[in-house]
Number of protein chains: 2
Amino acid sequence: MPSMKRRVLKIDKLPTVRRLPAYLTLLRELYLKGEQFVSSAFLAERMEIEPILVRKDLELTRINGTPRIGYCIGDLIKGIEDFLGLGETLDAFLVGVGQFGTSILYNRELTNLGLRIVAAFDKDPQKAGALVPEVPVFDMVRLAELSQRIDVGLAILCVPPEDAQEVTDILVASGIKGIWNFTSANLVVPEDVIAQKEDLASGLAVLSVKLNRIQPALLD
Amino acid sequence: MPSMKRRVLKIDKLPTVRRLPAYLTLLRELYLKGEQFVSSAFLAERMEIEPILVRKDLELTRINGTPRIGYCIGDLIKGIEDFLGLGETLDAFLVGVGQFGTSILYNRELTNLGLRIVAAFDKDPQKAGALVPEVPVFDMVRLAELSQRIDVGLAILCVPPEDAQEVTDILVASGIKGIWNFTSANLVVPEDVIAQKEDLASGLAVLSVKLNRIQPALLD
């Protein structure tokens, strides 16, 4: 079953994809400092992974390093930008303009990766009509109507967890295929919809392990 | 080298640890609905992973399922809570009370995992003296002094990326061993300090792949 094989390979590459934006930030820093070449050993140290993994990660960009010289920084930047499709924008709605949602609206790093939030929604009618920072905010009651009229690839969910499924159902009914879920709710979506959860709690759990709060014996 | 082996095993378990808070949220939901048992197949569907992986994940809690009945939900909740050390609090500083930092101060999910932010810092002196929501905010100039006086295990970095290294150096000099980095900066820290980066950009890169923005051929 080739489709199965492909799927497995894809998932296998996700940790690499996850690291690419960090490589990009690091490489752009070096580039601005006037550096031309970088070794996998240096990247490994800064990324806190093994050099062999750096070389494997960078294979995705199809840029090769030269022994004793390293990788050309400009080529790597271009390679990663191309791979991540930074030339095209990804249009999105943001739902829930609370503190966290607002921080996403102001997040330049995401804009640099091609994210363009075209409209935001909040159930507080007081927030409707505002521009945060340049994104128009609409009353939540208009979500169904506007998500049918405006074609976006992604919705960013920053609502309270108890509202998450209801908002998701409205979005899915209007044909949205991607949901970036920043709530703690586990969403139920049809098979053809991608719902990705970004869970700060996960990060804290991993950090607890690294800080040895958790008995290492339990991890052996 | 046994220490090397242990380290590899630990890292191998991190994806499981990362999923534990999501299991916990899901199991608590089921428990509140009055459910008593849950199958690995059901958990697999809701967690969007394979049932075999669910069974492997839950081995960490040392709770066993019963064939045809499943896992006792109450036992699993207790098992995960114990594993994550939810009985003990993890005291932390938060540095940078902007929109994102404020959203962390209000995040109940993190509190439920044992995080207790004891003080926050901001370079805007106007913010000093406030309580957000019950956490005292201090002027950044007091960071060096207070981080030496108050013993915390973790600092949560929500400052602009250009300030991140300077703040880190102050924290490290005062003996902090854990830094949760929500900035896009790659931090330089001594070997005995854990700096974990939570990168929203990583999440967007992975989402782009899942949404097929990136040519699947490049991932094969």
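**Exercise 1. Place Tyr31(A) in its helix and list what Tyr31(A) touches.**

Step 1. Tyr31(A) sits in helix H1 of chain A, residues 2-32. Helices here are DSSP runs of H or I with at least four residues, strands are E runs of at least two, and both are numbered from the N terminus.

Step 2. Leave out residues up to four places away in sequence; Tyr31(A) then touches Ile73(A), Gly74(A) and Ile77(A). Contact means heavy atoms within 4.5 Å.

Step 3. Now look at Asp124(A). It is 93 residues from Tyr31(A) in sequence, and the C-alpha to C-alpha distance is 44 Å.

The model is predicted: local features need pLDDT of at least 70, side-chain atom pairs need pLDDT 80 or more, and totals for chains, interfaces and linings use all residues. Residues count from 1 along each chain as its sequence is written, chains are lettered from A in the order in which they are written, and side-chain values use heavy atoms, without hydrogens and water.

**Exercise 2. Find the salt-bridge partner of Arg149(A) and relate the pair to helix H7 of chain A.**

Step 1. Apply the rule: a side-chain nitrogen of Lys or Arg within 4 Å of a carboxyl oxygen of Asp or Glu.

Step 2. The partner is Glu145(A), with the closest N and O atoms 2.9 Å apart.

Step 3. Both residues lie in H7 (residues 143-149), 4 residues apart, so about one helical turn separates them.

Step 4. Over all chains, the search finds 20 salt bridges.

**Exercise 3. Describe the interface of chain B and chain A.**

Step 1. Count the residues: 69 of chain B are in contact with 69 of chain A.

Step 2. Take the area. About 6,600 Å² is buried, and carbon and sulfur atoms give 64% of it. Buried area is the accessible area (1.4 Å probe) lost on putting two parts together, summed over both.

Step 3. Check for salt bridges across the interface: the rule finds 0.

Step 4. Sort the chain B side that touches chain A: 36 residues are nonpolar, 16 polar and 17 charged. Asp, Glu, Lys and Arg count as charged; Ala, Val, Leu, Ile, Met, Phe, Trp, Tyr, Cys and Pro as nonpolar; the others, Gly among them, as polar.

**Exercise 4. State how chain B superposes on chain A.**

Step 1. A rotation of 180 degrees with 0.0 Å of shift along its axis does it, at RMSD 0.0 Å. The fit is by least squares on C-alpha atoms of residues with pLDDT of at least 70 in both copies.

Step 2. The two copies are thus related as by a two-fold rotation axis.

Step 3. Compare the surfaces: 100% of the interface residues of chain B are also interface residues in chain A, so the copies meet through the same surface.
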